[in-house]
Amino acid sequence: MAIGLARMFGIKFPINFASRIRRTPSTSSGGGWHITLTRFFREYLYFPLGGNRCGPWRHVLNIMATMLLSGLWHGAGGRL
């Protein structure tokens, strides 16, 4: 469902997103989601804000905004 919704909005997920459950060991099954989420935040939030190509204060603001939204996504419990 997530892959279909993403394609409707023009987002193409990497290959590891589709096959993350089939990997072994089972303790690392969250890795594919985390890599995809990190890539999403980098490409669709951090880079459009200007990344590190702005002044030093704007660079810090971009990092803080990206970390804030990533923290909100993960929640207060810190689990995936």
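Is phenylalanine 40 buried, exposed or partly exposed? In the predicted model, phenylalanine 40 has a relative accessibility of 34% and therefore counts as partly exposed, since this value lies between the 20% limit for buried residues and the 50% limit for exposed ones. Phenylalanine 40 is located in helix H3. Its C-alpha atom is separated by 9.3 Å from that of isoleucine 11, although the two residues are 29 residues apart along the chain.

The chain contains four helices and zero strands. Read from the N terminus, the order of elements is α-α-α-α. Of the 80 residues in the chain, 19% are buried.

One salt bridge is counted in the model. This salt bridge joins the side chains of arginine 42 and glutamate 43, with an N to O distance of 3.4 Å. The distance falls within the 4 Å cut-off, so the contact qualifies as a salt bridge. The relative accessible area of arginine 42 is 37%, and this residue is therefore partly exposed. Glutamate 43 is likewise assigned to the partly exposed class, because its relative accessibility is 35%.

Arginine 42 also appears in the description of a pocket. The second largest pocket encloses about 230 Å³ of space. Its lining consists of 11 residues, and those closest to the pocket centre are Thr38, Phe41, Arg42, Thr66 and Met67. Two elements, helix H3 (31-49) and helix H4 (56-74), each give two or more residues to this lining. Helix H3 provides the largest share, with six residues. Sorted by class, the lining of the second largest pocket comprises five nonpolar, five polar and one charged residues.

A nonpolar patch on the surface is formed by Met1, Leu5, Met8 and Phe9. Together, these four residues have about 580 Å² of accessible area. One of them, leucine 5, belongs to helix H1, which covers residues 2-8. Leucine 5 has a relative accessible area of 40% and is therefore partly exposed. This value is over the 30% required of patch members, so leucine 5 meets the accessibility condition for inclusion in the patch.

How values were computed
Residues are numbered from 1 along each chain as its sequence is written. This is a predicted model: local features need pLDDT of at least 70, side-chain atom pairs count only at pLDDT 80 or more; totals for chains, interfaces and linings use all residues. Side-chain values use heavy atoms; hydrogens and water are left out. Patches are made of residues with over 30% relative accessible area and no salt bridge: like charges are joined within 9 Å, nonpolar side chains (Val, Leu, Ile, Met, Phe, Trp, Tyr) within 5 Å. Accessible areas come from the Shrake-Rupley method with a 1.4 Å probe; for residues, only the protein chains shown count as cover. Buried means under 20% relative accessible area, exposed over 50%, partly exposed in between (1.4 Å probe, protein chains only). On a 1 Å grid over the protein atoms alone, a cavity is a set of points where a 1.4 Å probe fits but cannot get out, and a pocket is an open set with protein on both sides within 12 Å along at least five of seven lines; lining residues have an atom within 4 Å of a point. Grid points are joined across faces, edges and corners, and a volume is the space filled by probe spheres set on the points. Ala, Val, Leu, Ile, Met, Phe, Trp, Tyr, Cys and Pro count as nonpolar, Asp, Glu, Lys and Arg as charged, and the others, Gly among them, as polar.
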